[in-house]
Amino acid sequence: MRQELLDVLHLLDATPAPRGQERTAAHRLRDWCANRWPHVEWEVLEHGPAGGSLLAAHGAGPLLYSHLDTSLDDGDASYRLVTGNAAPVGPLTVDDDAVEGFGLGVARGPAAAALVAFAEAGSGRLLLAGSGTHRRTGGTTGLEAYADAYPLPRSAIVAKCGPPTLLWHEPGALYLTVRVTGRSGAAMMAESATPTGGVVAQAGVVLDELARWRADYLAADPRVGQTGRACGIGAISGGWPDKPDLLPARLRIDLYVVAGDRVEPAVLAAELADRLRARCAESVLRDCAVDVEAEPVAPAAATAADAPVVTAARAAWRDEFGAQPPPVTGWTGSTDGVVLRARGVDTVRLGPQAKPAVDDPRRDELSLAQLTAYARIYRRLLTELPA
């Protein structure tokens, strides 16, 4: 199994699969799998302009889910905006038990384990979905395309990196967009803008209030089940970099918000807008308009702790690792598991623990022994859970 995992990892590493552009990777993986395991009928489900998912089935059974996309491509401009580093990331490397490369933690490590486990199990279904990572841009995801074309089973296993335990409860998420709008002006005449000097120069007022709001939001976390809350500012923008002699009229700040409890995005946005308007009214931003827009991603969702898929996963974990899966609270990472649960599928999530590589934090490091252990658990669940 170790060698098969390495073969799949090298194949995935050789073909870029940024979100929404996985089709080439899906077809290449399908052809490779058909040659390696010809007794399985491998398919590519295409969606959107360039999206694609790999799927296969050994008759009825639970769904083993992971995803193909790596959110970003290590060579594109968006990735450089996030990392601040334009140097190539470099290919996959293996050093004894450690495997290191781009996208291993986001998808490629667990996806390889899921693929090998399914090929060896001889039962169940596999979906390596495109567009499995969060993105504001619209379009059908790989899971949505699959659910529209095929009946969903009663249970699913999400193969994804995470905490060293089982998750049957995952948080929801949403985006908040804050816009503060004044009047544009010219840099050589600071008073021509509202406020004087331009709205971007007063971003600190808005950021300070957002920090206060974030602290209050996290402090109110009810810690429902295994999950918790989180919030972060992911982007700040305003103006035109090619023409900084113009003072822009608008400051935009984008936030990613996680909620393990059921929050109403529109209500959250309205509360934040009220706070920001009150704070701006006490500052040089008093004559500016403030707007906060909410964009839901998915609400929190849970599977019963005694559901058959959770019970079976707990037993497989105990047999593999020699102890019960440890309890967890405050978990803030979400996957398509919430989408599956929303569609009535009992779902459990488990997978290896990735960490940033020492020499390059853009790369992830995984233990091959640990990855193999999770592949054995996935294989067992596919064979033991009923259709």
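1. One term before we start: a crossing of two helices is left-handed if the near helix is turned anticlockwise from the far one by less than a right angle, and right-handed if clockwise. With that in hand, have a look at helix α8 and helix α10: α8 passes α10 in a right-handed crossing. Do keep in mind as you read on that this is a predicted model.

2. Here is the geometry of that pair. Helix α8 covers residues 308-321 and helix α10 covers residues 368-384, and the two pack at an angle of about 140° with their axes 10 Å apart. Angles over 145 degrees would count as roughly antiparallel, so α8 and α10 are described as oblique to each other.

3. Which residues of α8 and α10 meet? On the α8 side you'll find Ala312, Ala313, Ala315, Ala316, Trp317, Asp319, Glu320 and Phe321, and on the α10 side Ala373, Tyr374, Arg376, Ile377, Arg380 and Leu381. Sorted by class, this contact of α8 with α10 has ten nonpolar residues, four charged ones and no polar ones.

4. Now go to the start of the chain for another helix pair. Helix α1 and helix α4 (residues 104-121) pack at an angle of about 135°, and their axes are 9 Å apart. These two are therefore oblique to each other, and α1 passes α4 in a right-handed crossing. From α1 the contact takes Glu4, Leu5, Val8, Leu9, Leu12 and Asp13, while α4 brings Leu104, Arg108, Gly109, Ala112, Ala113, Leu115, Val116 and Glu120. The class split for α1 with α4 is nine nonpolar, one polar and four charged.

5. On to charges. Side chains of opposite charge can pair when their charged atoms come close. How many salt bridges does the count come to? It comes to 25 salt bridges, with a nitrogen-to-oxygen cut-off of 4 Å. A few of them are worth a visit.

6. Try Asp7 and Arg36, whose side chains meet in a salt bridge at 3.1 Å, N to O. This pair links distant parts of the chain, since Asp7 sits in helix α1 (residues 2-14) and Arg36 in helix α2 (residues 23-36), 29 residues apart. Is Asp7 buried or exposed? Its relative accessible area is 25%, so Asp7 is partly exposed. Arg36 also counts as partly exposed, at 31% relative accessibility.

7. Arg30 and Asp31 make another salt bridge, with their side chains meeting at 3.1 Å, N to O. Arg30 is partly exposed, with a relative accessible area of 24%. For Asp31 the relative accessibility is 44%, which makes it partly exposed too.

8. Back in α10, the side chains of Arg380 and Glu384 form a salt bridge at 3.0 Å, N to O. Both residues lie in helix α10, four residues apart, or about one turn of the helix. Recall that Arg380 is also among the α10 residues that meet α8. Arg380 is partly exposed at 23% relative accessible area, and Glu384 is partly exposed at 46%. Elsewhere, salt bridges that share partners join Asp208, Glu209, Arg212, Asp216, Arg275 and Arg279 into one network.

9. Some backbone spots deserve a second look. Most residues other than glycine have a negative phi, and most peptide bonds are trans. Where does this model have a cis peptide bond? One runs from Thr194 to Pro195, with omega near -5°. Pro195 is placed in the loop between β10 (185-186) and α6 (203-219).

10. Then check phi at Ser131 and Arg223. Ser131 has phi near 55°, a positive value in a residue other than glycine. Ser131 is found in the loop between β6 (124-129) and α5 (142-149), and at 5% relative accessibility Ser131 counts as buried. Arg223 isn't a glycine either, yet its phi is positive at about 50°. The loop that holds Arg223 runs between α6 and β11 (230-237). At 47% relative accessibility, Arg223 counts as partly exposed.

11. Last stop: Ala147, which belongs to helix α5. Ala147 counts as buried, with 16% relative accessibility. What does Ala147 touch, leaving out residues up to four places away in sequence? The answer is Leu152 and Arg343. If you want a sense of distance across the model, Ala147 and Gly322 are 175 residues apart in sequence and 36 Å apart in space, C-alpha to C-alpha.

Definitions and conventions
Residues numbered from 1 in each chain as written. Predicted model: local features only at pLDDT ≥ 70, side-chain atom pairs only at ≥ 80, totals over all residues. Heavy atoms only, no water. Axes fitted to C-alpha atoms, helices over the stretch in contact; angles between N-to-C directions. Parallel < 35°, antiparallel > 145°, perpendicular 65-115°, else oblique. Contact = heavy atoms within 4.5 Å. Nonpolar A, V, L, I, M, F, W, Y, C, P; charged D, E, K, R; others polar. Buried < 20%, exposed > 50% of the residue type's maximum accessible area, 1.4 Å probe, protein only.
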